[in-house]
Amino acid sequence: MFRRPVLQVLHQFVRHESEIASSLVLERSLNRVQLLGRVGQDPVLRQAEGKNPVTIFSLATNEMWRSGENEEYQMVDISQKTTWHRISVFRPGLRDVAYQYVKKGSRIYVEGKVDYGEYMDKNNVRRQATTIIADNIIFLSDQTKEKA
């Protein structure tokens, strides 16, 4: 008599634990960034000792808004904020294409993920850095083509 209720309770506990474990395994998360902007500098190819090479460049995105309205003169002040993003490309094929074809002033679309890290600067001061790890780049225009 005593044994059956204990097994039922134990069975419920084990089933509950396995449901928690399976929900943790099935839980998803997302770290995804999409940027559309202009390249601020020609890419640099770097390789630290014992690490994979990486192509690095900066990308500027702009945000514009109306800051005021004057009904009498129908004038609107437009404000703009530029945000700079550090783009790192580690994927071998994409890294080489980015290094060769991304140029200052080019308009590109970048997909990737946000990465937060720390590094030591030249004065041995610990700095924090936010980087976009690119896994897709779409070339929308080239500065030389736009001038022509």
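Here is a short tour of this structure, stop by stop, for you to follow in your viewer.

**Before you start**

You're looking at a predicted model, in which local features need pLDDT of at least 70 and side-chain atom pairs count only at pLDDT 80 or more, while totals for chains, interfaces and linings use all residues. Residues are numbered from 1 along each chain as its sequence is written, and side-chain values use heavy atoms, with hydrogens and water left out.

**Stop 1: the whole chain**

Switch on a cartoon view. You should find 3 helices and 6 strands; here helices (H or I, at least four residues) and strands (E, at least two) are DSSP runs, numbered from the N terminus. Trace the chain along its sequence and the pattern reads α-β-β-β-β-α-β-β-α. The protein has 148 residues, and 26% of them count as buried. Buried means under 20% relative accessible area, exposed means over 50%, and partly exposed is in between (1.4 Å probe, protein chains only).

**Stop 2: the largest pocket**

Now select Val54, Ile56, Arg86, Ser88 and Phe90. Of the 18 residues lining the largest pocket, these are the closest to its centre. The pocket's volume is about 520 Å³. A pocket is found on a 1 Å grid over the protein atoms alone: it is an open set of points where a 1.4 Å probe fits, with protein on both sides within 12 Å along at least five of seven lines, and lining residues have an atom within 4 Å of a point. Grid points are joined across faces, edges and corners, and the volume is the space filled by probe spheres set on the points.

Which strands supply the lining? Try colouring β3 (54–70), β4 (75–89), β5 (107–120) and β6: each gives at least two residues. The largest share, 5 residues, comes from β5. By class, the lining has 8 nonpolar, 5 polar and 5 charged residues. For that tally, Ala, Val, Leu, Ile, Met, Phe, Trp, Tyr, Cys and Pro are nonpolar, Asp, Glu, Lys and Arg are charged, and the others, Gly among them, are polar.

**Stop 3: Phe90 and Val89**

Stay with Phe90, in the loop between β4 and α2 (92–101). Phe90 counts as partly exposed because its relative accessibility is 38%. Draw a distance from its C-alpha atom to that of Ala134: they are 7.6 Å apart, with the two positions 44 residues apart along the chain.

Buried or exposed: what is Val89? Val89 sits in strand β4, and its 0% relative accessibility makes it buried. Its C-alpha atom is 7.0 Å from that of Asp135, 46 residues apart along the chain.

**Stop 4: salt bridges**

Asp135 leads us to the next feature. Side chains of opposite charge can pair when their charged atoms come close. A salt bridge here is a side-chain nitrogen of Lys or Arg within 4 Å of a carboxyl oxygen of Asp or Glu, and the whole structure has 5 of them.

Show the side chains of Asp135 and Arg32, whose closest N and O atoms are 3.0 Å apart in a salt bridge. This pair links distant parts of the chain, 103 residues apart: Asp135 is in strand β6, and Arg32 is in the loop between α1 (3–26) and β1 (33–39). Asp135 is partly exposed at 30%, and Arg32 is partly exposed too, at 41%. Add Glu111 to the selection, and you have a salt-bridge network of Arg32, Glu111 and Asp135.

Next, pick Arg127 and Asp121, which form a salt bridge at 3.0 Å, N to O. Arg127 is partly exposed at 39%, whereas Asp121 is buried at 18%. Then select Glu118 and Arg126, another salt bridge, at 3.3 Å, N to O. Arg126 counts as exposed, with 58% relative accessibility.

**Stop 5: Asn124**

Go to the loop between β5 and β6, where you'll find Asn124. Most residues other than glycine have a negative phi. Asn124 is not a glycine, yet its phi is positive, about 60 degrees. With 61% relative accessibility, Asn124 is exposed.

**Last stop: Ile138**

Finish in strand β6 (residues 126–141), at Ile138. Ile138 is partly exposed, at 38% relative accessibility.
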